[in-house]
Amino acid sequence: MKKSKLFTKMMHACLILTMLISMVGCGKSEETGNNNATDYVYVPTFVPIDIEGADWLNDVIIVGDELYTTYSVFDETTYQSEQKFVKKNLTDGNDFTDLPIQVVATKENYQSSINSFCIDENANIYVLGCEYPKYDPENPEASYVDVAPVYAVYKFDKEGNQIFTSDISVLLTKDEMNSYVQNMLVDKNGRIYLSSNNLVFVLDENGNELCTLDTQAEWIRGMGMDKDGKVYVSMYAMDYNGTDLVEINPDTKALGNKISGCPDGSSNGNYNAGIESGILVAGNECLYEFNTATGEAKEIVDWLNCNINGNYVQSVRAGSDGKLYVFISEYNGDENHYEMVILEKKSSSEVVEKEEIVVGTLYSDYNLQSAAVKFNKASDKYQVKVKTYISDTVEWTETTYDDALKLFNADLTSSNCPDIIDLSLFNADNLVSKGLIEDLTPYLDKSSVVSKEDFLDNVIATSTVDGVLTSIPTYINLQGIIGRASQLGDMEGWTIDEFIAFTEQYPETRVFNYATKASMLSIFLNYSIRDFVDYSTGKCNFDSEQFIKVLEFCNRFDLEYEYNESESFPNMIREGQILLADTGFYSMQEYQMYSLMFPEEIKVMGYPTTDGEGGIKLSSYNSYAMTSKAQNKEGAWAFLESMLVYEKYDEWNHNGFPTRKDMLEEMFVVASTPEYIYDENGEIMLDEQGNKMENPKTSWGYDNWQADIYAATKEQCDAVRALLDKGEMTSMMDQGLYAIIAEDVEPYFQGAKSAAEVANIIQSRAQIYVDENM
Amino acid sequence: MQIYVKQNEQACLQKIVYINLYGEKPFLRKSKAAKQRFCEGALNSYVISKGVSYLMKTKTLGKERRIKSKRMKRAKRSSGLFLAPSFLGVLLFFVLPFMVVIYYSVVDNPISQNFVFLDNFKYVLGNGAFKRAISNTFRFSVIAVPLAVVLSLLLAIVLESKIPFKSQFRTFFLSPMMVPVASIVLIWQVLFHYNGAVNDVLLAFGGTRIDWLKSEYSHVVIVILFLWKNLGYNMILFMAALASIPKDILEVAKLESATPLQTFFYIKIRYLSSTILFVTIMSLINSFKVFREIYLLTTDYPYDTIYMLQHFMNNTFKNLDYQKLSSAAILMSLAMVVIIGVLFLVENYFGRDVEG
């Protein structure tokens with residue numbers, strides 16, 4: 001009896017203990033390996049790589065304290081490119097020194113270049129050189145004769161003395177598709193690996209062919225050596241967002257099994273050995289250590305914590321001293337900037353902690369990361385952290401976006417609410433009605449660097465919802481319909497009926513290029529969708545005669561457009577075979593391009609509306625809103641403000657029109673300032689008529705048509721300025737309605753239902769939608 | 001006169017109520033249990049006296065005597081410990097969230113949290129989408145629930161009788177329970193799509209195509225889908241309840257020359273009353289859950305006749321309209337409480353002479 005009682009008590013105790021343990025387990029956070037979650041942090045030191053005259057830097061390799069790289073200098077007079085191999089000691093502060101490594105062309109009228117290089121652990125340098133015919137500016141056609149290039153592998157010691165050279169032309173010219181070497185590396189036994197399109201060539205320590213392995217891949221992503229010295233080739237995974245690795249075994253001359261789960265990286269395709277195991281993979285947001293034995297990826301560094309834009313990372317190497325060497329190449333639209341970032345592990349207590357500002361967005365955005373890095377570097381007080389709801393390692397499925405958005409929504413109303421959110425993902429009206437958005441007006445009023453008046457009035461107006469200035473987008477584009485001014489006459493806008501009537505005047509002319517039933521519907525509803533809803537009563541009119549008329553007009557077009565390669569859109573426009581062009585403008589140059597493409601003066605109209613007013617559509621970018629639950633509103637505003645401040649237009653690196661008036665005007669000035677051709681004395685050259693010879697700013701091509709873009713005229717600038725003034729931004733609610741219409745109209749376009757039937761269904765569903773949102 | 005009494009395990013005094021099967025006024029008699037024959041739980045025995053059948057109802061009269069022994073105290077403590085996780089679970093996952101819902105329903109939004117008292121309820125009650133959702137859900141429940149109860153009862157009775165292929169029929173009606181919702185929806189899409197099998201049959205017989213899912217007919221499709229999905233489960237419950245009706249009562253009824261209809265309405269229905277209540281409540285709950293199938297068939301904005309309350313809630317949740325959602329949820333729960341309360345009253349009325 002006593003035994004039984006004891007047993008019962010023990011059972012009770014065990015059960016209670018189990019329950020308690022499981023409850024404790026509920027709140028335990030998983031250790032991610034992120035430097036935030038541990039007691040150390042990586043502290044960055046930025047070492048600029050400025051090599052005078054260097055147009056392009058290849059990969060940078062660190063061996064010991066030495067940094068090796070190659071660069072090229074292009075001579076515009078001879079049209080020849082010269083390559084140099086240099087090294088720099090990272091500790092002594094001295095500048096780059098040239099190494100006597102050169103690939104000399106062996107044939108007459110041939111030039112040579114360094115395609116790839118790699119360095120072994122003893123600092124021996126392996127170079128893949130290529131010889132090809134010289135470019136002759138006097139006779140350019142002759143430069144493109146079909147002559148096979150000569151490929152050779154060279155080995156140099158660390159001082160640049162050549163050890164051997166091996167001609168591998170036969171190997172690389174066997175298959176035209178596999179003649180270009182993407183990646184090159186050398187293993188611990190001195191064996192050289194070259195990867196091309198889908199082949200891997202393995203050479204022995206003397207540069208002779210050991211084997212050629214076919215990966216059966218469509219495209220080799222990269223190649224790398226892990227901590228254990230095993231060499232892997234990577235390929236884009238077909239079934240998830242990442243890459244698959246396959247081991248190259250030169251002893252068996254075969255490929256190993258596929259290892260899945262490796263994140264995709266932003267790097268140039270060269271993987272280097274991990275810190276503890278596997279390989280390092282530089283993602284857009286983080287640096288991962290991928291364990292090749294277990295197939296698991298561990299997050300090592302969050303790039304933004306180290307003030308690095310992950311999109312710019314070219315390669316990462318782990319030094320034997322525990323430091324990480326990150327090579328960064330940043331292109332600002334004009335030139336490349338190179339930087340080496342040395343990440344050193346330090347105890348968290350040694351680092352001054354900054355206040356964190358969290359920006360919530362779905363996935364890593366190039367512009368946002370750049371802005372965050374710029375702000376973080378400049379601020380001693382705040383550190384911007386980007387919280388992405390779709391990680392760059394997440395597999396994209398049909399529901400990925402929806403699931404991420406649901407999680408984001410849940411965070412907005414919980415204690416996890418980010419300080420700043422990407423407003424382009426949400427319906428601003430909805431968030432404002434929930435009190436989720438902080439009004440930026442008081443912050444803007446207090447700001448000493450920007451004011452409300454600095455921005456385009458209509459941008460501020462359409463970004464203001466119920467008196468709440470939700471965000472200030474940094475750039476916009478505009479969309480409209482272009483036609484010949486002579487045909488469009490004095491019309492400033494058009495109603496749906498006027499648009500239909502206009503097109504019916506030209507029955508033999510195609511209305512738009514590639515116009516389909518669906519695209520026409522999109523054009524009609526872009527602006528007039530709200531006209532079919534009476535928001536004062538909440539009554540929809542999608543079963544009205546007017547809407548049915550729109551559907552019937554759209555139904556005149558093709559269901560699908562068959563692309564014809566022989567057709568040229570510019571030619572058809574010029575020959576009057578196409579009446580209008582539905583297009584978006586991202587810069588002055590696009591407006592100029594269309595002005596040149598049309599054979600006469602152009603006119604940009606808005607999309608058809610019920611009252612014939614407006615219709616020019618503006619799309620905003622970089623719209624970030626401060627949440628009313630932001631923990632640190634001052635810091636959040638400081639970041640938002642930093643995105644709105646550009647000292648000069650040269651810093652502008654966005655594909656769109658600036659929303660700041662001064663920047664926009666500067667853009668017009670830049671666009672309308674001619675660039676001239678100068679002679680050897682620095683004087684502007686004159687043509688036969690004595691006019692200054694203007695240099696084209698750029699060239700734009702469309703199908704087989706090409707045009708040089710010169711300085712914009714005042715009329716062109718005024719026209720674009722007027723369009724930007726007239727434009728309006730559409731809200732997310734319209735998108736919801738449009739989705740219902742687009743889905744239900746399909747059976748009519750397919751010929752399965754009548755226009756009245758689908759209009760009735762649209763009315764039924766749209767009415768619910770509108771009622772819910774009233 | 002033979003008296004069969006439920007065995008009194010704890011030696012409590014019992015009140016014995018004799019009820020004439022044909023509705024005569026019951027009489028009371030006090031007795032201490034003696035005989036061993038009894039039915040498990042609160043089921044009744046019956047007595048036969050002078051050719052008249054009686055039902056005997058037992059009720060505990062006195063309060064259960066507390067035995068304040070150490071053993072009982074320990075038992076209570078340990079039972080409390082065992083109950084605690086469930087209690088905490090209910091508190092954490094049901095009671096507290098419901099409190100939060102009540103709170104959200106009286107504030108303007110979850111962020112500024114200004115108290116607005118009944119404004120959200122007024123707004124929701126005046127909202128066109130909510131009214132349509134209420135109307136559709138009510139119409140669906142009024143049609144589908146009685147059909148589900150009656151048809152499943154009929155099926156149970158048919159399968160109780162001696163017909164060939166009984167087990168095959170049972171399996172056939174139970175099979176929808178084993179099929180995942182996504183597959184069911186796929187089957188329904190194949191059948192009721194505009195270019196689906198049903199329309200092909202209609203065309204073959206000279207009819208015209210019907211847009212089953214985007215017209216007034218969509219309601220019919222959803223009712224059929226609901227019945228197809230739920231009949232099997234309800235049928236099993238009824239079959240179990242039918243099997244538990246004491247055979248001797250049915251035999252007595254037969255001896256008393258009761259017709260099958262009289263047996264059905266005066267005996268079986270009364271014995272089935274608690275099961276009918278249970279099946280009705282379950283069907284009612286399931287009728288609210290038909291949203292899942294509708295959503296998969298027609299997404300979040302269906303044709304207006306099949307726009308249900310849960311569509312409204314789902315869409316308002318997606319729009320972060322938590323205050324609207326909370327108000328609607330409270331109104332819905334109040335309606336459910338009233339409906340279930342009425343059902344209990346009905347069951348008590350019809351099943352008052354049968355302890356369930």
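This passage describes three helix pairs in chain B and one loop residue in chain A of a predicted model.

Two packed helices are described by the angle between their axes and the distance between the axes, and the account of chain B follows that custom. A convenient place to begin is helix H4 of chain B, which covers residues 166–178. Its 13 residues reach 19 Å from the first C-alpha to the last, close to the 18 Å expected at 1.5 Å a residue. H4(B) is nevertheless bent: the axis turns by about 30 degrees at B:Phe172, and within four residues a proline follows, B:Pro176.

The partner considered for H4(B) is helix H7 of chain B, residues 218–243. The two axes lie 7 Å apart, and the packing angle is about 125 degrees. Since angles over 145 degrees would be needed for a roughly antiparallel pair, H4(B) and H7(B) are therefore oblique to each other. Their crossing is left-handed. On the H4(B) side, the contact is made by B:Arg170, B:Phe173, B:Leu174, B:Pro176 and B:Met177; B:Pro176 is also the proline that follows the bend. H7(B) contributes B:Trp228, B:Lys229, B:Gly232, B:Tyr233, B:Met235, B:Ile236 and B:Met239. Sorted by class, this contact comprises nine nonpolar residues, one polar and two charged.

Helices H5 (residues 181–192) and H10 (residues 291–298) of chain B form another pair, with axes 9 Å apart and an angle of about 55 degrees between them. H5(B) and H10(B) are therefore oblique to each other, and H5(B) passes H10(B) in a right-handed crossing. Here B:Val181, B:Ala182, B:Val185, B:Trp188 and B:Gln189 of H5(B) meet B:Arg292, B:Glu293, B:Leu296 and B:Leu297 of H10(B). Six of the residues in this contact are nonpolar, one is polar and two are charged.

The remaining pair in chain B joins helix H11, residues 309–318, with helix H12, residues 322–350. Their axes come within 8 Å and cross at roughly 155 degrees, so H11(B) and H12(B) are roughly antiparallel to each other. This crossing is left-handed. H11(B) brings B:Leu309, B:Phe312, B:Met313, B:Thr316 and B:Phe317 to the contact, while H12(B) supplies B:Tyr322, B:Lys324, B:Leu325, B:Ala328, B:Ala329 and B:Met332. Nine nonpolar residues, one polar and one charged make up the contact of H11(B) with H12(B).

Turning to chain A, A:Asp157 sits in the loop between strand E8 (150–156) and strand E9 (162–167). A:Asp157 lies 32 residues from A:Ile125 in sequence, yet their C-alpha atoms are 6.0 Å apart in space. A:Ile125 is also among the contacts of A:Asp157 when neighbours within four places in sequence are set aside. The others in that set are A:Ala123, A:Asn124 and A:Ile163.

Technical notes. Residues numbered from 1 in each chain as written. Chains lettered and ligands numbered in written order. Predicted model: local features only at pLDDT ≥ 70, side-chain atom pairs only at ≥ 80, totals over all residues. Heavy atoms only, no water. Axes fitted to C-alpha atoms, helices over the stretch in contact; angles between N-to-C directions. Helix = DSSP H or I, 4+ residues; strand = E, 2+ residues; numbered from the N terminus. Parallel < 35°, antiparallel > 145°, perpendicular 65-115°, else oblique. Left-handed = near helix turned anticlockwise from the far one by under 90°. Contact = heavy atoms within 4.5 Å. Nonpolar A, V, L, I, M, F, W, Y, C, P; charged D, E, K, R; others polar. Expected span 1.5 Å × (residues − 1). Bend = angle between axes of the 7 residues up to and from the residue.
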